[in-house]
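Hi,

Here is the model I promised to pass on. Have a look at it first, and my notes follow underneath.

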Amino acid sequence: MSASENIPLPAGLTAAARPSLAGWQRGLLVVAGAVVAIAPAFLLESFQLFQLTTAVIMGLAVLGLNMVTGYNGQISLGHGAFYALGAYSTAILMSHLDWSFWATLPVSAAVCGLVGYGIGFPALRLGGLYLALTTFSLAVAVPQILKYKAFEDWTGGVQGLFLVKPDAPAWLPGELTSDQWMYFVAVIVAAACFLLCWNLIRGRIGRALMATRDHPVAAEAMGMDIATLKTRAFAVSAMVTGIAGSLSAVAIEFVAPDSFSLMVSITLFVGMVVGGVASILGSLFGGLFVIFVPNIAEAISKAAPGVIYGIILIAFLFILPDGFAGLLRRIAGRLRRRG
Amino acid sequence: MDGFAHQIIAGIATGGIYASVALALVMIYQATHHVNFAQGEMATLSTFIAWAMVEAGIPYWLAFVATVLVSFIIGVLVERLLMRPVQNAPVLTHVGVFIGLLLIVGNMTGWIFGYTTKVFPSPFTSSGPLMGGLISAHELGSTAVTLVVLTLVFLFFRYTSLGLAMRAAAYNPRSARLVGIRVGWMLALGWGLAAAIGAVAGMMVAPVVFLDPTMMTGILLYAFAGALIGGIDNPLGAVIGGFAVGVLENLAGAYVVGTELKLTVALAIIIGVLVVRPSGLLGRVVASRV
Amino acid sequence: MLLEVKGMQAGYGQTHVLHGLDFVVEAGGVTALLGANGAGKTTTLRAICGMVRTEGDITFRGERITGRATEDIARRGLAHVPDGRGTFMELSVEENFRLGAYVRRDPEVRADFERMFEWFPRLKQRWRQQAGTLSGGEQQMLAIARALLLRPKLLLLDEPSFGLAPLIVQEIFGIMRRIREESGVGILLVEQNANLALELADRAYLLETGRIVVAGPAAEIREDEAIRRSYLGY
């Protein structure tokens, strides 16, 4: 793997090599970020806060997809399956075995990571379009699998499972409502995952992932173990999206097969493209987009969100193929040149 | 035993539908090396157009022909307006455009025609049981229509010079240009034909599964499976594969897993074929000497 | 003048390969384009056919064709046997023939098929066979036949001897001599094998790193020892 140190940076990646910030600037950024993250909990109405919570969760799910599709170039149209797997892992443990939410998280992460790793193997042989096709089929089949009679005792069949949001721990100062606490839970878990992925991407592994995406033959010639890289990328990706699924289960307090239709996978895909393919921060934009835009569109018609999604998706691919994140990068670049 | 024979025959009838959609997929794959994820939604929209015409009192077969023509035009337009601008873009962009198309077409259909399930007429009726009750009039009729369509497509590609040019453009666009073939238009024509074939499949299956905006999703999965069994770049293989999965699905549904896991069966076939033999069971290996 | 090229520049992406070429090809007869690997011979042919980004003036039969689509240029009577031959490997010899004559609507296509059989009797034996299964020499013959079936005024040939055994090369050049006598098509021939090409050609151009360095009658160039030594290496 040491060979990967010498991989030339593909175009576009150089943006990561920004001039590094001084220590106090970095500290300021962290504080500002924390304020921006905490403030909504006390400023927003409970429904708006709930929406923001789901947006953060979707952002995390999009991040998972981005790890494998954006950074590693393996096109998945079925990440809704991992989202569902995470949600059901948490829901089953909480409602059947009375586990606490926090205890279900590592289990859900492990289950999704393992299944992702397992799916990574055939995915290796498929590659490219075949992978897209297979994962698309998986996404279509998910609700049917969840409804299957043999699993009904665990999954609750068509009825699904109900669960309860975790309460704010007693030692916290002030009286947090469960919505406020849920928001913090989502933010904390998401922040941890974003940090983890950011660390992975900006390091050796990230370069190796992108090298296998952009120059597979060269990467292999340099001695990279493409198979291991790809399956692990799939595992991490599935794990992150699965954790988002766990969060969504408790945030919504309900899981049912029909909430995990093909639309979930497509929504994640749209979020990734609109937010920015192969962009960590872009994933968060994607989450905000997929939650708030349909709400506006739904005022027009039940079908409108889908149509508008489709139009926006194609418009982005035509005009802004690197998404919001790319747009921001370009604006920032222009400002810097001017300044 | 009669039950078994009936399952086989019913399987062939639905297999014809899968075969048509699989052929449509393969045609676009051959020409562009992309899989049209919106094929099902496009076919559903076509079927709704036919339904609207029949509701408006237009005779069935007239509506049928008009729908095929309209679908052809829609297919051509989609290629010209959506696919052409990104023809040199990476795979991810193409997949994205297909997904966008799926969203737009699928939801437009729901927007215009509503989400309630509709009864779609069958042009084939009979007063008595056919072949001792082994087959319904619609199954017989739709199989016949499918076979006619498939034969026409085969004759078109095999014997007409336009069909030959389309194949040439699909196999080797650079060389096709050198003999004067307008490759861009051949792609558009391929899209038109695929959309028209999909429309026929939609109209033939709608009386069986009833018409609603998501009617074709499951069928698309089986068409994928059929196309992969046949080898994704082999039209004849796709047709055979389509019939095969139709029979397989019916038998599995009747004797093994029940109807609840139909989509999962398709998924299993897809993964199975891709893992065991990615070039398809009938996948063609082009002989070549250097 | 059949083809007139003035100040032609062409390249791939950011790289320029041709730096302002001027040359002409006369109707009938063979014009050879010679040069070492990487001199820009193949790119010259591609540029004429609009297969690469091209600037300058290319006039074919009195009409400017720079920047036109490849298929439109072909339809104007310019056939090209590219490197790699441009044969449709998946299709039969018959279908390759039909494609060669694809844009023609005249009734003489059938007669031209017969003419090709006369020049390339081997192809008649392979009529129903998939082109990919032919030998290298037969594939080259098929490629030339396919191009001639367009009834072109000008035929561009990119290294017809490439990768073929010497005996087969002799056979193909023999056939080309016949074609030159019997068909009246103008040929622009790109060759590595300068000796062979100069024997066949009437005129020749010598290309070096994207520029024409020598132009003149083929016979003179063949006799000129200095040119032979410094550019052709034999």
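Before anything else, one bit of vocabulary: two strands are called paired here if DSSP finds at least two bridges between them. Also keep in mind that this is a predicted model.

Let me start with chain C, where that definition gets used straight away. Strand β1 of chain C, residues 3-12, pairs with β2(C) in the antiparallel sense, and eight bridges join the two. If you want a spot to click on, take C:Met8, which has C:Leu21 of β2(C) standing opposite. Helix α1 of chain C (residues 41-48) packs on the sheet and touches β1, β2 and β4 (53-60) of chain C. The direction of that helix makes about 70° with that of β2(C).

As for the sheet itself, it is an open one of four strands, in the order β2-β1-β4-β5 (chain C), and the pairing is antiparallel. Which strands stand at the edges? They are β2 (15-25) and β5 (63-64) of chain C; each has a single partner strand, so one side of each is left without a neighbour in the sheet. As a general reminder, strands of a sheet pair through backbone hydrogen bonds.

Further along chain C there is a hairpin, made by β9(C) and β10(C) with two residues between them. In its turn, C:Thr209 has a positive phi of about 35°. The two strands, β9 at residues 203-208 and β10 at residues 211-217 of chain C, pair in the antiparallel sense over six bridges. Within that pairing, C:Leu206 has C:Val214 in β10(C) as its bridge partner.

Now chain B, which is another story: 11 helices and zero strands. Its C-alpha atoms fill a box of roughly 60 × 45 × 35 Å along the principal axes. How does its radius of gyration fit, and what would a compact globule have? For 290 residues a compact globule would be near 19 Å, and chain B has 19 Å, so the two agree.

One helix pair in chain B deserves a look. Helix α1 (residues 2-32) of chain B packs against helix α10 (residues 235-256) of chain B at an angle of about 140°, and their axes are 6 Å apart. Why oblique rather than roughly antiparallel? Roughly antiparallel needs an angle over 145 degrees, so α1(B) counts as oblique to α10(B). The contact of α1(B) with α10(B) has 18 nonpolar, nine polar and one charged residues. As for handedness, α1(B) passes α10(B) in a right-handed crossing.

Then the interfaces. Towards chain A, 36 residues of chain B are in contact with 36 residues of chain A. On the chain B side, the elements giving two or more residues are α4 (91-113), α9 (217-230) and α11 (262-276) of chain B. Of these, α4(B) gives the most, with 16 residues. By class, this side of chain B divides into 26 nonpolar, nine polar and one charged.

Towards chain C, 21 residues of chain B are in contact with 25 residues of chain C. Here α6 (161-171) and α7 (173-178) of chain B each supply at least two residues of the chain B side. The largest share comes from α6(B), with six residues. The residues of chain B that touch chain C divide into 11 nonpolar, five polar and five charged.

Cheers

Notes. Residues are numbered from 1 along each chain as its sequence is written. Chains are lettered from A and ligands numbered from 1 in the order in which they are written. This is a predicted model: local features need pLDDT of at least 70, side-chain atom pairs count only at pLDDT 80 or more; totals for chains, interfaces and linings use all residues. Two residues are in contact if their C-beta atoms, placed from the backbone, lie within 7 Å. Axes are lines fitted to C-alpha atoms, for helices over the stretch in contact, and angles run from 0 to 180 degrees between N-to-C directions. Angles under 35 degrees count as roughly parallel, over 145 as roughly antiparallel, 65 to 115 as roughly perpendicular and the rest as oblique. A crossing is left-handed if the near helix is turned anticlockwise from the far one by less than a right angle, and right-handed if clockwise. Ala, Val, Leu, Ile, Met, Phe, Trp, Tyr, Cys and Pro count as nonpolar, Asp, Glu, Lys and Arg as charged, and the others, Gly among them, as polar. The radius of gyration is taken over C-alpha atoms; the globule rule is 2.2 Å times the number of residues to the power 0.38.
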